[in-house]
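Welcome! Let us take a look inside this protein together, beginning with its empty spaces and moving on to its packed interior.

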Amino acid sequence: MQAYDHHAVEAKWREVWEKERLWESDLHAAPRPYYNLMMFPYPSAEGLHVGNVFAFAGADIHGRFMAMRGYDVFEPMGFDAFGIHSENYALKINEHPARLIARNTRRFTEQLQRMGGRFDWSHAVYTTDPSYYKWTQWLFLQLYKGGLAYQDRAPVNWCPSCQTVLADEQVVDGRCERCETLVTQRELTQWFLRITRYAGQLLDQLDNLDWSEVVKTAQRNWIGRSAGVEIRFPVEGLEGETIDCFTTRPDTLFGVTCLALAPEHSMAARLTVPEQRSEVEAYIARAVGRAAVDRLSGEREKTGVFTGSHVVNPLSGERIPVWVADYVLAGYGSGAVMGVPAHDERDFAFAQAMGLPVRVVVAPPGWSGSREMAEVYTGQGRLINSGDFSGLDSTKAWGLIADRIEEKGFGERKVTYRLRDWLISRQRYWGPPIPIIYCDTCGTVPVPEEDLPVLLPEVENFKPLGTGQSPLAAASEWLRVPCPRCGREARRETDVSDNFLDSAWYFLRYPSAQDAGRAWDPELIRKWLPVDSYIGGKEHAVLHLMYTRFIVFALHDLGLLSFDTPFRRFRAHGVITREGAKMSKSRGNVVNPDEYFDRYGADTFRTYLMFMGSYEEGGDFSDAGIRGVHRFLQRVWALVQRYREQQGIPRELPPENARILHRTMEKVTRDVEGLKYNTAVAALMEYLNELQGREQHHEPLYRQEVETFLLLLAPFAPFIAEELWEQVGGPFSVHRQRWPEYNPELAADIVVELAVQVNGRLRDVLRVEPQLSQEAAVAAALGSPKVAAAVKGRLVSKIYYLPGKLLNMVIK
């Protein structure tokens with residue numbers, strides 16, 4: 001019997017598929033377009049990591065499945081090769097990023113081809129190629145002309161290690177999301193995109209998007225819609241001057257005992273009396289260098305300084321002291337907060353630190369007022385100490401006090417958002433130069449479109465200057481340029497744009513990647529967009545996935561696109577651990593895909609990654625598990641070899657065989673549709689056991705059984721399925737065949753309820769077949785979000801299984 005040699009099989013079919021250009025589509029002529037996309041990788045390290053293969057294999061399986069269902073699937077691939085990730089790695093190994101990225105993209109391409117992806121390389125995009133970033137620069141100019149790109153001097157997040165500014169979304173727990181250095185603040189002139197103009201639309205559209213709920217929730221929280229009242233507090237002694245404060249709790253207005261200004265607030269210096277000036281100026285100097293996240297930290301003791309001035313409560317007439325406090329940020333709201341210590345956690349901490357009064361104005365249920373409250377009360381209740389509003393329920397008082405404020409001209413109702421404009425300037429080398437020229441006569445001048453691209457000059461010293469300027473500021477020949485308007489000597493913008501701008505539109509470029517004359521072909525865009533299926537990591541929820549939505553909204557409003565959402569469906573894949581721990585070089589538990597490609601083959605690696613846990617939750621990698629999947633594919637190979645040697649293959653499938661086959665077809669089909677790949681693989685394993693069991697009883701194998709099995713296996717293990725399909729005499733290629741359709745009547749079966757326990761505690765009840773194997777039962781259980789959450793990151797040490805009744809997994 002011929003042995004299974006994965007090296008020979010995979011090499012053979014990679015060559016055939018490339019020669020036949022099997023994965024390329026005629027995008028203009030395709031009758032049933034289906035755009036299947038996955039997040040393209042940063043080629044910043046030495047090669048693909050296992051997380052890339054996990055993500056790409058799952059998306060590729062979906063693409064193969066849809067192609068077998070009769071769709072013309074377009075599945076392109078490219079590289080997000082600009083940005084700090086790539087530049088930092090180049091600095092680490094002391095190699096110029098241009099040479100590094102050229103080598104790395106070749107390496108990544110070889111690995112992606114080796115993993116068996118059905119990628120259309122004829123439409124590849126490389127964000128570092130001038131033929132691509134020309135159109136990134138063109139996109140910036142369209143936004144600039146449309147009033148959506150602007151320059152402003154503002155406090156920004158600064159990473160001392162990366163030597164560049166960071167968008168709010170790139171600061172995680174006060175640290176740079178790329179290098180984990182503590183972030184500080186600087187005031188610099190930067191370029192921003194007006195994403196806030198679309199805050200309401202970005203929020204409202206989420207209700208109708210077919211996206212993973214975890215991503216939609218993250219975006220809702222990040223956009224942060226708040227309905228309230230903006231109140232104007234008159235400044236004592238300055239006629240006509242007011243300080244505006246936004247609040248979502250106007251019902252607590254009578255509880256204000258201080259007004260706190262951000263250190264950067266324009267009124268802070270004006271309101272400081274002479275005897276307080278030195279103390280206030282020293283405090284402001286210390287505060288402005290701290291990162292916003294640090295200033296907002298609930299664990300840090302609140303600090304502040306009194307200005308010596310007062311404002312007037314517009315309803316009570318009470319004098320309110322004005323303080324400067326670093327827990328107030330200039331970029332959020334008006335940069336001023338009305339302090340209500342009794343009913344706000346941060347205000348309470350500030351009042352305690354500064355010795356300010358705490359006045360209760362919303363009485364908690366059962367509170368008599370005879371004692372001071374021991375903690376902040378933020379709920380609803382009965383108003384007290386609130387003038388003629390006392391005695392009212394706070395929810396009713398909210399509207400009545402808002403009405404009074406509006407009637408007296410002291411403010412108005414308002415909706416605000418937490419979302420801030422997208423800061424795109426980067427003081428680095430490795431990125432597309434922002435296409436702006438500065439002229440002493442004409443001011444800020446956009447580069448004419450006919451002069452694009454503004455090429456990134458080749459400079460050997462690409463290290464950050466440490467001055468707040470990009471290394472491009474030292475490229476004197478490139479820097480000096482004639483003004484496009486007056487012809488006098490001018491200078492280029494030296495900042496490059498955030499690499500998230502490169503990736504915010506790449507899906508629009510793929511279909512037109514070969515078109516040098518325009519960013520995209522309108523005919524292809526109308527035919528193929530929005531993307532039908534997009535798969536990627538949930539860690540990009542408020543970065544890439546928010547930015548793509550904004551860019552599409554903007555291009556729609558500028559008349560450049562006919563749709564207003566980039567992706568019809570988005571699914572977030574899970575995260576892989578190893579032995580219960582996150583993979584890292586320091587732990588020594590990193591999985592190198594090449595090692596497993598060599599040892600077991602791409603088919604085994606792909607299939608195991610899909611089998612080890614829920615695709616949308618992730619799973620724990622183990623060598624024992626991958627060996628089990630390799631044995632499964634070896635058994636598939638051996639079964640087909642015995643089938644080929646079988647004499648007199650019978651034609652008509654017996655009724656019981658047909659029922660089992662159609663139940664398997666239904667199970668695999670429904671699971672693949674729902675990205676429940678682990679249970680789909682379990683069903684294939686179960687069916688293989690069924691076929692082998694018949695062999696042991698000297699029952700024949702039927703052609704329909706074997707061919708259908710190979711068709712169901714093909715998306716998971718494309719190489720071995722292709723080879724075995726050829727061996728059984730199937731027409732070229734297995735991936736061009738139609739997905740087998742099951743008969744619902746034959747697929748119908750009795751199901752029972754299986755109680756699933758983890759350490760003896762009931763976690764879920766599943767509807768399963770009565771005689772489901774233990775292997776399939778465990779896979780089905782791990783496909784349950786409730787069970788997966790209970791098991792995640794832990795090792796299953798024992799399994800107790802009573803078919804059709806109980807499954808108990810013991811974890812440690």
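Searching the whole of this predicted model turns up two cavities of 30 Å³ or more. Here they are side by side.

| Cavity | Volume | Nonpolar lining residues | Polar lining residues | Charged lining residues |
|---|---|---|---|---|
| Largest | about 60 Å³ | three | five | five |
| Second largest | about 40 Å³ | six | three | no charged residues |

What surrounds the largest cavity? It is lined by 13 residues, and those closest to its centre are Gly83, Ile84, Arg426, Ser497 and Asn499. Both α3 (84–93) and β26 (496–497) supply at least two residues each to this lining.

The second largest cavity has a lining made of Thr136, Gln137, Phe140, Pro432, Pro433, Ile434, Pro435, Ser497 and Leu501. Helix α5 (residues 130–145) gives the most to it, with three residues. Ser497 is worth finding in your viewer, as it lines the second largest cavity and is also among the residues closest to the centre of the largest cavity.

Now for the packed interior. The largest nonpolar core holds 205 residues, of which Trp422, Phe507, Leu508, Ile551, Phe605, Leu609 and Phe621 touch the most other members. Helix α2 (residues 50–68) gives the most to this core, contributing 12 residues. Apart from this core lies another one, of 41 residues, including Cys245, Leu271, Ala342 and Met373.

Which residues does Leu508 touch? Leaving aside residues up to four places away in sequence, Leu508 touches Trp520, Ile525, Leu529, Leu555, Leu561 and Phe563.

Methods
Residues are numbered from 1 along each chain as its sequence is written. This is a predicted model: local features need pLDDT of at least 70, side-chain atom pairs count only at pLDDT 80 or more; totals for chains, interfaces and linings use all residues. Side-chain values use heavy atoms; hydrogens and water are left out. A nonpolar core is a set of buried Ala, Val, Leu, Ile, Met, Phe, Trp, Tyr and Cys residues joined through side-chain atoms within 4.5 Å. Buried means under 20% relative accessible area, exposed over 50%, partly exposed in between (1.4 Å probe, protein chains only). Helices (H or I, at least four residues) and strands (E, at least two) are DSSP runs, numbered from the N terminus. Contact means heavy atoms within 4.5 Å. On a 1 Å grid over the protein atoms alone, a cavity is a set of points where a 1.4 Å probe fits but cannot get out, and a pocket is an open set with protein on both sides within 12 Å along at least five of seven lines; lining residues have an atom within 4 Å of a point. Grid points are joined across faces, edges and corners, and a volume is the space filled by probe spheres set on the points. Ala, Val, Leu, Ile, Met, Phe, Trp, Tyr, Cys and Pro count as nonpolar, Asp, Glu, Lys and Arg as charged, and the others, Gly among them, as polar.
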